[in-house]
Each structure stands twice: as structure tokens, then as C-alpha cells.
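Thank you all for making time this morning. I would like to walk through one model with you, so please look at the sequence and the structure while I talk.

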Amino acid sequence: MLPAETIETFRRDGAVLLPGVISGDWVARVREAIERDIAEPGPFCHGYTLENGRRFHGNMRIWENDPTFHDYCFDSPLPALAADLMGASRITLFYDQLFVKEEGSDHPTRWHNDQPYWPVRGRQVMSFWLALDEVTTDSGRLEFVASSHNWERWFQPEPFAPGGAEYERGENYEDIPDIDADRDAYNLIGWDMQPGDVIAFHAMAVHGAGGNHRLDRRRRGYTVRYCGDDATYFGGPGPNAGLRNPNLNTGDDLASDQYPVVWTR
Ligand SMILES: O=C(O)CCC(=O)C(=O)O
């Protein structure tokens, strides 16, 4: 489905822009579902109000309760694209997550890599971040440290905002360097985006995002995380409690009600 060059870029850099891969129809449906979620967030909501009164709405595992998010995770082009990018023969849905920076919600998203936050091990683990608005530097576009997915460095999860989820110290996890203090030392990549554009990125890719400094535009992002053939459950210390699966043990195959198989070759 994808040009070989796109797959090569994903594997080399750990992140690649997929322009316009999500149709206007999906964008409209996901936007409506986001409003439903904001009005009635479920148990995994991690939204908060900033000191300036502006709102950041975040939530996860929302496909489990909303038919539109469910259908997007299962039936959009994403599972097949994940298989292509990772070279996988089977795709499980790990979970989905919303990142809505309302106008003036200027808190940056801290630099991190995702997999230390997650109870999953393996190399075939990735995400797709969908833009639901035009995204520019001043509205909080994502940035990645190119090729950091190959560093094999597990950075300690920390709360994304004061009062956010706390994390146990993971075994062999280290503190993230201050990337903003030394930006020239890193090969940073990022893209302005239009609604329907998606960034595909590896779960070990170091990334962050600016705040939304614009007062005339929201920055709605919706991310879906998928795993491929070599991913297994991890029950040890470090990851987010809300993503754990009480029915699995370390080393188990992920396929389960919580992490359903959504695509097979
Ligand atoms: O949208 C953001 O600000 C952060 C997104 C992110 O970290 C992710 O999708 O893993």
C-alpha cells in the first residue's frame, strides 16, 4: 500500500508523515466523536485546566466505548498500514488516545518515548497520530529525534502535567536528557499538517510537542497504537496502570479482549 521510500524512512528515522491518508469522511466522524468524548469522558480521561484557564483534553482507551473510535481503529486504513510499515503478519490494537489542546492551551508535551509507558515489549510497536486541524509550530506540532527509536534507551515515564499519573521507576530506565537545552545536538524532524494527515512513529522514537499558542485554532490529535508479530505483554514496573491488562502475564501473546487482533495478512 505504501511506497517503499515511505517504509524505508519510517524504519530509518522512526517517524514519517503520511499526507492525506485519512479521508474527509473519517475526519468528520472522528471530530464528532471527540466532542462526545469531551462532553462525557470515560474513566481514563487525563484532561486538565491550565493555570491560564485554557483546557487540555486527553483520554485513552476510548474505542472501547464509542462506535466511531472503534470503527476507526478496526476499519480505517491504519491496521494495514501498520502491517506494511512494521513488516508484520498480524496487527493487534494496543489502545487509542486523544490529545486536544484547545486554543491557548500552551503547555508543551514533554519529550519522551512511549514504550516505557506501556506494558508491552518487542520492536513491532507503533502509533499513528491523526491531525483533525491544521497543525503548525505555533499550534503545537509534534517533533521527533530522528533515529532515536534505535537508541535502545528507555526513558523514565513522568507525568505530562502537574497532578498527572505517577509512575514507578522502571528497571534500567534512565532520565530523559534536556533536549530543548541543546536542540542543535539532535536531528529534530517534524511537519506542519492538514486535517487527514497522519504521522506514523515507532514506540521508541523520542518525541514531544509544543503548546498551542494560537487563540484562533484548536489542535486536536487522535493517536492509535498498534503492535505486530513480536510484541508481548510486560507486567513489570514502569508502565501506566490504566494500560495494564489484568488477564495477561509477562511474555504472553497480546491477543485478548483488551488488545484485539484487528488485521491478519
Ligand atoms: O499530541 C501530543 O501533544 C502528544 C502526542 C503523543 O505523545 C503521542 O501520541 O504519543
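Asn 172 sits in the loop between E8 and E9, where helices (H or I, at least four residues) and strands (E, at least two) are DSSP runs, numbered from the N terminus. Its phi is near 65°, a positive value in a residue other than glycine. Asn 172 is exposed, with 9 other C-beta atoms within 10 Å; to be exact about the terms, a residue is buried if 20 or more other C-beta atoms lie within 10 Å of its own, exposed if 12 or fewer, and partly exposed in between, with the C-beta atoms placed from the backbone. Glu 152 belongs to the loop between E8 and E9 as well, and its phi is near 60°, again a positive value in a residue other than glycine. Glu 152 is exposed too, having 7 other C-beta atoms within 10 Å.

I should say at once that this is a predicted model, in which local features need pLDDT of at least 70 and side-chain atom pairs count only at pLDDT 80 or more, while totals for chains, interfaces and linings use all residues. Residues are numbered from 1 along each chain as its sequence is written.

Let me move to the strand that precedes that loop. What lies on the two faces of E8, which covers residues 142-145? Leu 142 and Phe 144 are on one side, Glu 143 and Val 145 are on the other, and all of them are buried, so that both faces are covered. E8 pairs with E11 in the antiparallel sense over 3 bridges, where two strands pair if DSSP finds at least two bridges between them, and within that pairing Glu 143 stands opposite Gly 208. E8 is also joined by 3 bridges to E9, residues 188-190, and these two run antiparallel; there, the bridge partner of Glu 143 is Gly 190.

Now the ligand. Which residues surround the ligand? They are Phe 99, Thr 109, Asp 114, Ser 127, Trp 129, His 207, Ala 209, Gly 221 and Thr 223, where a residue is near a molecule or strand if its C-beta atom, placed from the backbone, lies within 6 Å of it. The elements giving two or more residues to this shell are strand E7 (125-131), strand E11 (207-209) and strand E12 (219-227). By kind, the shell divides into 3 nonpolar, 5 polar and 1 charged, on the convention that Ala, Val, Leu, Ile, Met, Phe, Trp, Tyr, Cys and Pro count as nonpolar, Asp, Glu, Lys and Arg as charged, and the others, Gly among them, as polar.

E12 deserves a closer look. Of its 9 residues 8 are buried, so E12 is largely enclosed by the rest of the structure. It is joined to E4 by 9 bridges, the two strands running antiparallel, and in that pairing Val 100 stands opposite Arg 220. E7 pairs with E12 in the antiparallel sense over 7 bridges, with Val 125 having Cys 227 as its bridge partner.

Next comes helix H3, residues 67-75, whose buried residues are Phe 69, Tyr 72 and Cys 73. They cover an arc of only 95° around the axis, which puts them on the same side of H3, the arc being that of the directions from the helix axis to the C-beta atoms. An α-helix has 3.6 residues a turn, so residues three or four places apart point the same way. The face of H3 turned away from the buried side carries the exposed residues Pro 67 and Asp 75. The cover over the buried residues includes helix H2 (24-39), strand E4 (90-101), E12 and strand E14 (261-264), and here contact means that the C-beta atoms of two residues, placed from the backbone, lie within 7 Å.

One more loop residue is Gly 236, placed between strand E13 (232-233) and E14. Gly 236 counts as exposed, with 11 C-beta neighbours inside 10 Å. Leaving aside neighbours within four places in sequence, Gly 236 is in contact with Glu 171 and Thr 250.

Finally, the chain overall: it has 4 helices and 14 strands, and buried residues make up 44% of its 265 residues. Among contacts between residues at least 6 apart in sequence, 81% join residues at least 24 apart.
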